[in-house]
Amino acid sequence: MFEFVWLWAWALLPLAWLVYRFSKPVAQPAAIHLPQLPQGVGQKQPSSIIRKVLMSLVWVSLVCAIARPVWYGDPIEIKPEHRDMLLAVDLSGSMAIPDMVTKDGQSIDRLTAVKHVLADFIAKRKGDRLGLVVFADHGYLQTPLTFDRKTVEQQLNRTVLGLIGQSTAIGEGLGVATKTFIDSKAPQRVIILLSDGGNTSGVIGPIEAAKLAQESHVKIYTVGVGADKMIQKGFFGDRVVNPSSDLDENTLSKIAAMTGGEYFRARNPQQLEKIYDVINKLQPVNNAQQTWRPRDELFRYPLALALLLSVIIAFMRKRHG
């Protein structure tokens, strides 16, 4: 939005005309006395009219600069305090199991269900710094803590299975997430860990990593994902299997209890969505905010124009005497 901060300065605009109109010209003694003026002398020359126009533009430009033109950008909301929250997502091979049944009866794989639910969760965390850690054979920081929620969502959607292995390094995922909080000044630091199995890889165990998080005052919410029953088609007919037999619920529950968090179980996308709604309520977004509008001072442009026109006027006077 464009605005003049000192709008009253435009009242100075007629001042130059008033001085020109009512002030008495200074009498200059004639250097040469001629009985008769040469033909054409005394008539207004085109160059004189141009100079007056340019001088008027100089004055308008100066008044415009004095009025202090400013361009205000769109309002930016700033949270005086924020929460740092890291999403730790399992990318082991078992996340490809299509045992998550949607409301319309369609079966989708676990990672697709997680991406869909987490996208909505990320959109609601306005004002918090979010980050993304992924783990399979090892744990990796995919997205550092940032206020840019769109980037976190994009990085999550770009994750693919098999890129970092097939195993499940829960301990390393927690360790990487906890390490990311080392330089954090946030009053609350939270990890939301989602896994569908037990720890089968990594250089640090889940309980040991949970102790480090506990010492760093990091709260961990754990989510076990995967259906309890799934019909598997075979050569001799269909049979019911438990695709979540490898899920280590005891360890996930202990990790959450050690750090003051909670353990949740998600057997379908609907339960997973409700879990993240519960976490939203347990860790509400800080509603306190401050609004700041970026401001660009524009007075330099009319001031530069006035300077340029003054140089042109001086050049014309020197040329025409």
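In this predicted model, strand S10 (219–225) is mostly covered, with six of its seven residues buried. The cut-off applied here for a buried residue is under 20% relative accessible area. S10 has parallel partners in S9, to which six bridges join it, and in S13, to which it is joined by four bridges. Residue Thr222 of S10 takes part in both pairings: Leu193 stands opposite Thr222, and Thr222 in turn stands opposite Tyr263 in S13. The connection from S9 to S10 passes through helix H6 (residues 206–215), forming a β-α-β crossover that is right-handed.

These strands belong to an open sheet of six strands with mixed pairing, in the order S8-S7-S4-S9-S10-S13. The edges are occupied by strand S8 (139–146) and strand S13 (263–266); each has a single partner strand, so one side of each is left without a neighbour in the sheet. From one strand to the next, the twist averages 15°.

Elsewhere in the sheet, strand S4 (residues 83–90) runs parallel to strand S9 (residues 188–195), and seven bridges join the two. Within this pairing, Asp84 is placed opposite Arg189 in S9. Helix H7 (residues 249–259) packs on the sheet, where it touches S9, S10 and S13. The direction of H7 makes about 160° with that of S10. Strand S10 is thus described by its parallel pairing with S9, its parallel pairing with S13 and the contact with helix H7.

Note on methods:
Residues numbered from 1 in each chain as written. Predicted model: local features only at pLDDT ≥ 70, side-chain atom pairs only at ≥ 80, totals over all residues. Heavy atoms only, no water. Pairing = 2+ DSSP bridges. Axes fitted to C-alpha atoms, helices over the stretch in contact; angles between N-to-C directions. Contact = heavy atoms within 4.5 Å. Buried < 20%, exposed > 50% of the residue type's maximum accessible area, 1.4 Å probe, protein only. Right-handed = clockwise from strand over helix to strand, strands pointing away.
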